[in-house]
Amino acid sequence: MPHDHSHGPEHGHEQGQGHGHNHGPTGEHLHSYMQGPEPEEALKVLGAQFVEGFLAASDKIAFLRLSGVPFERVDDAGGPALKLVDVALRTDWQVGTASPGFGTEELSYLPFAGAMVAERTRMAFVYVSLRRRVEVDLLTFLSHHAAVQDTAP
């Protein structure tokens, strides 16, 4: 049956429709699935849940082990292995916004109304050796960890 719309490259009509793909009685497409969140947004949700779980965990080491956080990592600069010594949490509260003003060096500043104030919590894993200190941001860790998980069978 001809279609008057297109799908992504992984959506082949010739290969069968798969789960959740139906045609209505008049030939129109009925999709019983919803698109997931954008990868960046999904990563932010994972990050928020990770922080929440870490804070709630009575055994922080066990939580890190179960989450796959390495306690040692290779030094990209060729030095001795780096050891995990800290998990750093930082909370920022965005209370306004500033942007370049038109034709001036002065910033255009807009303070937020109380309900618009936003909390941002950042987590980083701090690794050290005798030569270096490296911080790995939680979102960087999760994006790499998710990429590894996606390639697993």
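Read from the N terminus, the elements of the protein chain follow the order β-β-α-α-β-β-β-β-β-β-α, and this order comes from a predicted model. Counted by type, the secondary structure comes to three helices and eight strands. The protein chain has 153 residues, of which 22% count as buried, and its accessible surface comes to about 11600 Å², with 56% of that area belonging to carbon and sulfur atoms. Among the contacts that join residues at least 6 apart in sequence, 47% are between residues at least 24 apart.

A good place to begin a closer look is helix α1, which covers residues 39-56. At 1.5 Å a residue, the 18 residues of α1 should span 26 Å, and the end C-alpha atoms of the helix are indeed 26 Å apart, so the expected and the modelled span agree. Within α1, the residues L43, G47, F50, V51 and F54 are buried. These buried residues cover an arc of only 95 degrees around the axis, which means that they lie on the same side of α1. The general geometry of such an element helps to explain this pattern: an α-helix has 3.6 residues a turn, so residues three or four places apart point the same way. On the other side of α1, by contrast, E52 and A56 are exposed.

The same helix also holds a salt bridge, in which the side chains of K44 and E40 meet with an N to O distance of 3.9 Å. Both residues lie in α1, four residues apart, which is about one turn of the helix. The two partners fall into separate classes of accessibility, for K44 is partly exposed because its relative accessible area is 43%, whereas E40 counts as exposed because its relative accessibility is 57%.

The structure holds six salt bridges, and another of them connects two strands. E72 forms a salt bridge with K83, and the closest N and O atoms of this pair are 2.5 Å apart. Since E72 lies in strand β3 and K83 in strand β4, the pair ties together parts that are eleven residues apart in sequence. E72 is partly exposed, with a relative accessible area of 46%, and K83 is likewise partly exposed, with a relative accessible area of 37%.

Between these two strands, β3 (72-73) and β4 (82-94), runs a loop in which D75 is found. Is D75 buried or exposed? With a relative accessibility of 5%, D75 counts as buried, because the cut-off for that class is under 20% relative accessible area. Once its neighbours within four places in sequence are left aside, D75 is in contact with P80, L82 and R132. With R132, the side chain of D75 also makes a polar contact of 3.1 Å.

A further group of charged side chains completes the tour. R90 forms a salt bridge with D92, the closest N and O atoms being 3.0 Å apart, and D92 is buried, with a relative accessible area of 16%. This pair does not stand alone, for R90, D92 and R122 are linked in a network of salt bridges.

Conventions:
Residues numbered from 1 in each chain as written. Predicted model: local features only at pLDDT ≥ 70, side-chain atom pairs only at ≥ 80, totals over all residues. Heavy atoms only, no water. Buried < 20%, exposed > 50% of the residue type's maximum accessible area, 1.4 Å probe, protein only. Polar contact = N/O pair within 3.5 Å; in protein donor to acceptor, adjacent residues only side chain to side chain. Contact = heavy atoms within 4.5 Å. Areas by Shrake-Rupley, 256 points an atom, 1.4 Å probe, with all protein chains shown as cover. Salt bridge = Lys/Arg side-chain N within 4 Å of Asp/Glu carboxyl O. Expected span 1.5 Å × (residues − 1). Arc of directions from axis to C-beta.
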